[in-house]
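Trainee: Could you walk me through one part of this model up close, the loop with the unusual backbone angles? I'd like to see what surrounds it too, so please carry on outward from there.

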Amino acid sequence: MKKGLFITIEGPDGAGKTSIQKEAARILSEEGFHFELTREPGGIDIAEQIREIILNPKNTAMDARTEALLYAASRRQHLAEKVIPYLDKGINVLCDRFVDSSLAYQGYGRGIGVDQVFQMNQFAIQDTMPDLTLFMMLEPEIGLERINRNRAPGDVDRLDMEKIDFHKKVYEAYCDIAKKYPSRIEVIDASKCFEEVLENTVSAIRKYLKKLVNTIDK
Ligand code: TMP
């Protein structure tokens with residue numbers, strides 16, 4: 001049975017993933033490639049409820065492993081209830097964040113260990129990995145500056161409250177992960193203007209789709 005494509009967008013906070021996701025999907029849809037948009041943590045009611053617990057700024061006592069498990073739990077529910085059923089119906093999915101976020105934020109940022117977090121996530125994902133991942137590469141200082149500039153007063157989540165050192169670790173981890181999986185991960189320079197980032201993102205997806213068509217034709 002034909003499966004849909006599973007494409008994820010990753011990157012540090014403030015890299016502009018959400019706007020790029022929406023606009024890229026709009027352009028691709030005009031070219032005949034429809035993508036369902038979704039996000040992690042969340043994307044479906046139970047997973048959105050877990051998101052609220054994870055990101056609630058009051059939950060400062062949350063243990064790093066509890067945090068990693070909650071992200072994995074929300075991921076599991078989102079996959080089981082939404083992503084896998086779409087893919088099984090042949091519908092393409094463009095998801096804002098997936099397991100690479102846990103590797104970068106919990107594995108490296110929180111210091112749990114990338115391999116351990118990946119192993120723990122196997123229980124949740126059962127080998128479902130993205131066909132393609134677009135990594136919005138942006139230095140954390142610039143990302144945080146963008147967030148602070150655009151944020152409404154009082155709109156701070158628990159992860160936003162982390163110090164710059166945490167975000168630097170997350171950024172380094174993403175760079176390492178991108179080097180480790182070069183055939184799956186396309187790096188996009190997110191420091192460029194919005195139009196350029198959008199064009200490069202759409203081109204990377206088009207390139208992947210073209211490669212896929214050529215493989216099927218052979
Ligand atoms: P968002 O702001 O991109 O919606 O993501 C919410 C926050 O959750 C963001 O700071 C990144 C963080 N996060 C993790 O730490 N681990 C994960 O597995 C995911 C999916 C997100």
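Mentor: Let's settle one cut-off before we look: a residue counts as exposed when its relative accessible area is over 50%, and as buried when that value is under 20%. Also keep in mind that this is a predicted model.

Start with D127, which sits in the loop between α5 and β4. D127 has a relative accessible area of 65%, so it is exposed. Its phi is positive, about 70°, although D127 is not a glycine. Q126 belongs to the loop between α5 (114–125) and β4 (132–137) as well. Its phi is near 45°, again a positive value in a residue other than glycine. With 53% relative accessibility, Q126 counts as exposed too. Why pick out such angles? Because most residues other than glycine have a negative phi, and most peptide bonds are trans.

The second half of that rule has its own exception here. E40 and P41 are joined by a cis peptide bond, with omega about -15°. P41 is in another loop, the one between β2 (35–39) and α2 (45–55). You can step from P41 into helix α2 through A47, since A47 lies in that helix and touches P41, along with G42, S74 and H78, leaving out residues up to four places away in sequence. A47 has a relative accessible area of 0%, so it is buried.

Now back to α5, the helix on the N-terminal side of your loop, and what packs on it. Two packed helices are described by the angle between their axes and the distance between the axes. Take α3 to begin with: α3 and α5 pack with their axes 9 Å apart, at an angle of about 30°. That angle makes α3 roughly parallel to α5. The crossing of α3 past α5 is right-handed. On the α3 side, the residues that meet α5 are R65, A68, L69, A72, R75, R76 and L79, and their partners in α5 are Q116, M120, N121, F123, A124 and I125.

Then there's α4. Its axis and that of α5 come within 8 Å and cross at roughly 135°. That makes α4 oblique to α5, and α4 also passes α5 in a right-handed crossing. Here V99, S102, L103, Q106, G107 and Y108 in α4 meet V114, V117, F118 and N121 in α5. Notice N121: it turns up in the contacts with α3 and in those with α4.

While you're at α4, click on S101, which is in that helix (residues 99–109). Is S101 buried or exposed? At a relative accessible area of 8%, S101 is buried. Its side chain makes a polar contact with the side chain of E10, at 2.6 Å. Leaving out residues up to four places away in sequence, S101 touches E10, Q106 and Y174.

Y174 takes us into α7, where it is one of the buried residues, among them F166, H167, V170, Y171 and C175. The buried residues of α7 pack against β1 (6–10), α4, β4, α6 (140–150) and β5 (185–189), and that list includes β4, the strand that closes your loop. Helix α7 covers residues 164–180, 17 residues in total, and reaches 24 Å from its first C-alpha to its last, close to the 24 Å expected at 1.5 Å a residue. For a sense of scale, C175 and A47 are 27 Å apart, C-alpha to C-alpha, and 128 residues apart in sequence.

One last stop, just on the chain before α3: M62 is in the loop between α2 and α3 (64–88). Unlike the exposed D127, M62 counts as buried, at 17% relative accessibility. M62 touches I53, I54, E67, L70 and R158, not counting residues up to four places away in sequence. R158 is 96 residues from M62 along the chain, yet their C-alpha atoms are separated by 9.9 Å.

Definitions and conventions: Residues numbered from 1 in each chain as written. Predicted model: local features only at pLDDT ≥ 70, side-chain atom pairs only at ≥ 80, totals over all residues. Heavy atoms only, no water. Helix = DSSP H or I, 4+ residues; strand = E, 2+ residues; numbered from the N terminus. Buried < 20%, exposed > 50% of the residue type's maximum accessible area, 1.4 Å probe, protein only. Polar contact = N/O pair within 3.5 Å; in protein donor to acceptor, adjacent residues only side chain to side chain. Contact = heavy atoms within 4.5 Å. Expected span 1.5 Å × (residues − 1). Axes fitted to C-alpha atoms, helices over the stretch in contact; angles between N-to-C directions. Parallel < 35°, antiparallel > 145°, perpendicular 65-115°, else oblique. Left-handed = near helix turned anticlockwise from the far one by under 90°.
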